[in-house]
Structure formats: C-alpha cells, structure tokens
Amino acid sequence: MIVIDAASPVPPFEQLRAQLARQIQDRTLAVGARLPTIRHLAADLSLAVNTVGRAYRELEEAGLIETRGRAGSFVSAAGEEGRERARRAAADYAAVIASVGIDTGEAIRIVQAALTSGAAAPASSRPRPGREGHVAGHATSA
C-alpha cells in the first residue's frame with residue numbers, strides 16, 4: 001500500500017520513492033515484478049505524472065528498478081546488490097564507531113537521525129481519501 005501524506009514536509013515524489021524502495025527491500029515487491037505505468041500510478045495516487053516519473057527515475061538511478069522501454073518498469077535484481085552495499089556500509093560504520101569510541105546507543109541514534117532527516121523520513125501511516133493505492137494490485141481506496 002502506498003500512502004501519500006499531503007500534509008507531510010517530505011515531497012510527494014520522495015514519499016513515493018521511499019515507500020517503493022522499502023517494498024523492494026523487504027521483498028513485498030519481488031525481483032521481476034512489473035510496476036504500474038507512471039500514468040496509472042499517478043492517477044491512482046492523485047499525483048502529477050512528473051512526480052511519479054521523478055520517483056521512478058530515482059529508483060532506477062539507485063538500481064532498484066529498470067525500465068525496458070514500452071514493456072514498462074520492473075523490480076531489478078540489482079536491489080540485492082543494494083542490500084549488500086548497505087551491509088558493507090554498516091560494517092564500515094561499525095568499524096568507525098569502534099575506532100572513535102562511540103557507544104552503541106549513540107551510534108544507533110546517529111543512524112536513526114540520518115534516516116529520519118529529510119529524504120528518508122517515513123510517510124505518515126494515516127491514509128488520506130483519494131491519495132492511497134496498492135502498487136502490486138493497482139487498487140485504490142477512496
């Protein structure tokens with residue numbers, strides 16, 4: 001389920017990008033799954049086509065989806081590479097934390113602050129009429 005919170009300070013394209021990235025990372029959207037067309041998802045979520053297009057472009061740049069011309073956009077196998085990259089970055093971060101003597105609690109707070117500031121802020125879980133949809137089934141509720 002994709003929910004766009006119009007009252008959020010996070011731009012709609014970023015809310016969409018983050019939610020799709022989460023669905024890909026947690027395998028709610030499986031490798032090879034076809035995403036709705038930009039126009040279809042824009043209509044389902046009552047967003048501008050350019051807003052959805054920007055989210056898709058950023059997901060493609062991150063290697064999470066791939067666009068195959070008129071065939072559409074699909075969840076990329078490169079998403080697994082992203083997960084491995086994140087594991088390596090976490091190991092590197094843990095080594096830095098240990099070398100500078102920061103305790104685990106503070107290290108986790110630093111990561112949480114980084115994840116929740118700006119671009120990675122989670123969208124509200126409160127649905128708004130006409131602004132939600134389920135990507136996999138293209139369903140919307142009003």
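This passage describes a pocket, the helix that contributes to its lining, and a second helix in a predicted model.

We may begin with the second largest pocket, which holds about 160 Å³ of space. Its lining is made up of 13 residues, and those closest to the centre are Thr37, Ile38, Tyr56, Thr67 and Ser73. Sorted by class, the lining comprises four nonpolar, five polar and four charged residues. Helix 2 (38–45) and helix 3 (49–61) each provide at least two of the lining residues. Helix 3 is the main contributor, with four residues.

Ser73, one of the residues closest to the pocket centre, rewards a closer look. This residue belongs to strand 3, which covers residues 73–75. Is Ser73 buried or exposed? Its relative accessibility is 9%, so Ser73 counts as buried, the cut-off being under 20%. The side chain of Ser73 forms a polar contact of 3.0 Å with the side chain of Thr67, and Thr67 is likewise listed among the residues closest to the pocket centre. With neighbours within four places in sequence set aside, Ser73 is in contact with Ala33, Arg34, Leu35, Tyr56, Ile65, Glu66 and Thr67.

Tyr56 leads naturally to helix 3, where it is one of the buried residues, together with Thr51, Val52, Gly53, Ala55 and Leu59. The cover over these buried residues includes helix 1 (12–25), helix 2, strand 2 (65–67) and strand 3. As for the geometry of helix 3, its 13 residues should span 18 Å at 1.5 Å a residue, and the end C-alpha atoms are indeed 18 Å apart. After helix 3 comes Gly63, which has a positive phi, near 80°.

Helix 5 (residues 104–116) also has 13 residues, and the distance from its first C-alpha to its last is 18 Å, close to the 18 Å expected at 1.5 Å a residue. What caps the N-terminal end of helix 5? The cap is Asp103, with a side-chain oxygen placed 3.0 Å from the backbone nitrogen of Gly105.

Within helix 5 sits Ala107. Ala107 has a relative accessible area of 7% and is therefore buried, again by the cut-off of under 20%. Apart from residues up to four places away in sequence, Ala107 touches Tyr93, Ile97 and Ile102. Val96 is eleven residues from Ala107 in sequence, and the two C-alpha atoms are 9.9 Å apart in space.

Notes: Residues numbered from 1 in each chain as written. Predicted model: local features only at pLDDT ≥ 70, side-chain atom pairs only at ≥ 80, totals over all residues. Heavy atoms only, no water. Expected span 1.5 Å × (residues − 1). Polar contact = N/O pair within 3.5 Å; in protein donor to acceptor, adjacent residues only side chain to side chain. 1 Å grid on protein atoms, 1.4 Å probe; cavity = no way out; pocket = protein on both sides within 12 Å on 5 of 7 lines; lining within 4 Å. Points joined across faces, edges and corners; volume = space filled by probe spheres on them. Nonpolar A, V, L, I, M, F, W, Y, C, P; charged D, E, K, R; others polar. Buried < 20%, exposed > 50% of the residue type's maximum accessible area, 1.4 Å probe, protein only. Contact = heavy atoms within 4.5 Å.
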